[in-house]
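Colleague: Could you walk me through the reasoning behind the labels on this structure? I would like to hear what each word rests on.

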Amino acid sequence: MLLLSETGQFSTRYADDRRVFRLRQARLGIIALLAFSYLVVPLWASDYWLSAILIPFLVLSLAGLGLNLLTGYAGQLSLGTAAFMAVGAFAAYNFQLRVEGLPFLASFLLGGLVAAAAGVVFGLPSLRIKGFYLIVSTLAAQFLVEWALTKFGWFSNFNPSGVITAPPLSVLGVDLSSPAGRYLLTLAVVTVLFVVAVRIVRSDLGRNWMAVRDMDTAAAVIGIPVARTKLLAFAIGAFYCGVAGSLWAFAYLGTVEPHGFDLNRSFQVLFIVIIGGLGSILGNFLGAAFIVLLPLLMSNLGGSLLGGVIDPGDTENLQKILFGVLIILFLIREPEGLASLWRGLRARARVWPLRD
Amino acid sequence: MTASRFSPRRLAATFSLGLALASGAAFAANEQYFPLQSYRVGPYAAGGTGFFGGFIDYMQLINARDGGVNGVKLTWSECETEYVVEKGVECYERLKKGLNGAPAAATNPLSVGIAYATLERSTADKIPLITINHGRTDSTDGSVFPYVFPLQLNPYSEVSAIVNYIGQKAGGLDKLKGKKIVTLYHGSPYGKETIPILDILAKKYGFSVTHIEVPHPGTEQQSQWLNIRRIKPEWVILRGWGVMNPVALKTAAKTGFPADRVIGNIWSNSEDDAAPAGDAAKGFISITTHPAGTDFPVLKDIDKQVVKAGKGNLQDPKRFGNVYYNLGVVNGILNVEAVRIAQAKFGKRPLSGEEVRWGFEHLNIDNKRLQELGAVGLVQNLKLSCADHEGGGAVRFQQWDGARWKVISDWVQADRALLRPIIEKSAAAYAKEKGITPRNCAKEG
């Protein structure tokens, strides 16, 4: 693990100390990872990997980030994630449908903005209530949005069964409807939004969020505008979820119905955030990997190892039991989530072979 | 470059050699593969285990009794979807490549949501998507949806057949004038799909129709049934799903609405829908394309060759021959027949999805074939074409006697000529939105 040695790396300017990745190895690593994801993966990964594993993994990481900004950084509990995703997806669909010639990415952006507006509306109760009570009021968003999208046919362009289908995907005349194209589109949007999120949490706003999270009375005393800070958290968190919803509908499934964004989806994203680590950017990827990849891995293994030996329904239930046990074990071992586990490992690796 | 080097014969020889090598490499196993996006856990497990149980048992029968289809063994593997859309998509992507070199013939997700989500993927990957008795109504128009097959009965035909049956009971469709019908529907895309078509039929025949929604999951229906009692309709069409069905029957009994005036649709027609309501369900009528029962010769064969041999797929042998199971058998018959028809054209070898698609499009199940299959009365006459991917459009009516379903009518046809222009209009709109040029069916023949 001498790879992570800091020997010879000195900060000579304050700017060096404020970098996101202070270690040269970390910077090189992230560049290598990006190059790998942008250049190698689309060429080598199979359709199955691209469109059934990597795209949902990236989209759910983004949704996790949206909730993490709101809950992990600003401390506002929410179960409305799927509702904001639905608002984003359906708004983007309607912009694309009703505004002639609107570029694809612009409708994502507009969809995100509509979701942000919805976030502000449903965030208003947070000015008065906290904790579990706030969860209940965001739960209302969940049910209201699902109901409204089903009830009013206009949202789904009067499709009799209320299902919307994605328009052809193309950006600047480049057709992106192949699995690799959809993967690259998702990856690009996710990369940009993650970079922005890293900047946000290290800005004034991010610090205000954390102050409000840790104790909002104290934050008010030192002059932080609590109401504005909370509502901005809702707006930005919902924006991220809205864009994630658009990607889910357009880049991943190609179709979506309101029930695709039900309460279970909100729970799924919440678990991603809790398992990945509240108040961590990296945690969203780790949590999404855990929630998305592990069941798939078990299901593939279960199919090939136990296939034919025991009933397929039992195999499925066994996987669920195993998955639940793993979640419990992880949370006992590391209540702060996978991100904290990662931090611990890295801290050890940096001083290896000595012990801290 | 001499002319002789490009002689057509030589070219043909080279070409066929290349083809033989390619197919030899890809289809070494001499097996035809069916990817099964099944669901055995979750709220709809009753439907999933029955349907896929019947489907698998029929394929086992073909392998055990006939040694496969013309010597090509059938093989399959399962992937659990839990009726969840994204799991279904994952399963689709996982299984579409085939198994050990055996190419995938067709996908049968038995879920509207999954079918919608894999519709374009199937078309791009050239694997037929079979949505028996459900699915997207306008995919009946095969010129726009070449790879999608809502076999037997699409949602519009279903409603039309019910109205025709009500007309028969009244003594003619002209007697429907002034009658009152209420539809009680599940508050979901599936439940709402038939509202526009019922309105059209109501206008045409002069009856009045009231649509009443039951929000998911439908465990509380007191106010809806009080409303029905106030309207006093001649018939109630129950467009339910899962737990909503027995609750509807119980509440009907409580509010004094007779069960034999309630007609269940294709997803309100199983033993699991009627039995939990107990006495309240006695007399309840529903439609079916696949009557329950074990007396059909094909089911007797399955019993003898598969179930008695200890290879039956059902965990609970009592469910053998129930509604869901028989739907699976019917689905198996239609899939296998499509493979058989395609083999007659392309050769007796494992076929690609594209070739099996041709087989589906040329499905022609007449009475003679039904006799041979041992499925008279279980499967309806079915003739598909490039333009028509549904083929049947007929249902039978059955009545619950408190313990089992009794078939009470012959096949009742939907008014498909009336529905066709509506379907074509919707398909054309889809084609325009997606930039698809419809196939010219006159040319395909």
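Modeller: Happily; the following exchange sets values against their cut-offs, and please keep in mind that this is a predicted model.

Colleague: Let us begin with the overall form. What makes chain B as compact as a globular protein of that length?

Modeller: To set the scene, chain B contains 16 helices and 14 strands. Its radius of gyration is 23 Å, and the globule rule gives 22 Å for 445 residues; the two values are close, so chain B is as compact as a globular protein of that length. Along the principal axes, its C-alpha trace spans about 90 × 50 × 40 Å.

Colleague: What share of the residues in chain B is buried?

Modeller: Of the 445 residues in chain B, 58% are buried, where buried stands for a relative accessible area under 20%. The accessible surface of the chain is about 17200 Å², and carbon and sulfur atoms account for 55% of that surface.

Colleague: And what share of the contacts in chain B joins residues 24 or more positions apart?

Modeller: Taking contacts with a separation of 6 or more, 71% are between residues 24 or more positions apart.

Colleague: Now for the charges. How many positive and negative side chains does chain B have, and how far apart are the centres of the two sets?

Modeller: There are 53 positive and 43 negative side chains in chain B, with 3 Å between the centres of the two sets.

Colleague: Why is the pairing of B:R65 with B:D301 called a salt bridge?

Modeller: The cut-off is 4 Å from a side-chain nitrogen of Lys or Arg to a carboxyl oxygen of Asp or Glu. The N to O distance for B:R65 and B:D301 is 2.7 Å, so the pair meets the criterion. B:R65 sits in helix α2 (residues 45-66) and B:D301 in helix α11 (residues 297-307), so this bridge ties together parts of chain B that are 236 residues apart in sequence. Over all chains, the structure holds 31 salt bridges.

Colleague: Are those two residues buried, exposed or partly exposed, and how do you know?

Modeller: Partly exposed is the range between 20% and 50%. B:R65 has 34% relative accessibility and B:D301 has 21%, so each one counts as partly exposed.

Colleague: What about B:R439 and B:E361: what makes theirs a salt bridge?

Modeller: The N to O distance is 2.8 Å, which is within 4 Å. B:R439 belongs to the loop between α15 (416-434) and α16 (441-444), while B:E361 belongs to helix α13 (residues 353-361), so the bridge ties together parts of chain B that are 78 residues apart in sequence. Both residues are on the buried side of the cut-off: B:R439 counts as buried at 18% relative accessibility, and B:E361 counts as buried at 2%.

Colleague: Where in the helix do B:R369 and B:E372 sit with respect to each other?

Modeller: They are 3 residues apart in helix α14 (residues 367-373) of chain B, a separation of about one helical turn. Their closest N and O atoms are 2.5 Å apart, and the two form a salt bridge. B:E372 has a relative accessible area of 48%, which is not over 50%, so the label for B:E372 is partly exposed.

Colleague: Which residues are linked in a network of salt bridges?

Modeller: That network links A:D47, B:E93, B:K96, B:R121 and B:D125.

Colleague: How do you know that A:E146 has no salt bridge?

Modeller: The nearest side chain of opposite charge is A:R265, and it is 10 Å away, whereas a salt bridge needs a distance within 4 Å. A:E146 is buried and lies in helix α6 (residues 131-151) of chain A. Leaving aside residues up to four places away in sequence, A:E146 touches A:P258, A:H259, A:F261, A:D262 and A:L263.

Colleague: One more: what is the phi of B:E82, and what is that of B:Y83?

Modeller: B:E82 has a positive phi of about 55° although it is not a glycine, and B:Y83, also a residue other than glycine, has a positive phi near 70°. B:E82 lies in the loop between β2 (73-80) and α3 (85-95) of chain B, and B:Y83 is likewise in the loop between β2 and α3. At 15% relative accessibility B:E82 counts as buried, while B:Y83, at 23%, counts as partly exposed.

Key:
Residues are numbered from 1 along each chain as its sequence is written. Chains are lettered from A and ligands numbered from 1 in the order in which they are written. This is a predicted model: local features need pLDDT of at least 70, side-chain atom pairs count only at pLDDT 80 or more; totals for chains, interfaces and linings use all residues. Side-chain values use heavy atoms; hydrogens and water are left out. Helices (H or I, at least four residues) and strands (E, at least two) are DSSP runs, numbered from the N terminus. The radius of gyration is taken over C-alpha atoms; the globule rule is 2.2 Å times the number of residues to the power 0.38. Buried means under 20% relative accessible area, exposed over 50%, partly exposed in between (1.4 Å probe, protein chains only). Contact means heavy atoms within 4.5 Å. Accessible areas come from the Shrake-Rupley method with a 1.4 Å probe; for residues, only the protein chains shown count as cover. Lys and Arg count as positive and Asp and Glu as negative; His and the chain ends are not counted. The place of a charge is taken as NZ of Lys, CZ of Arg, CG of Asp or CD of Glu.
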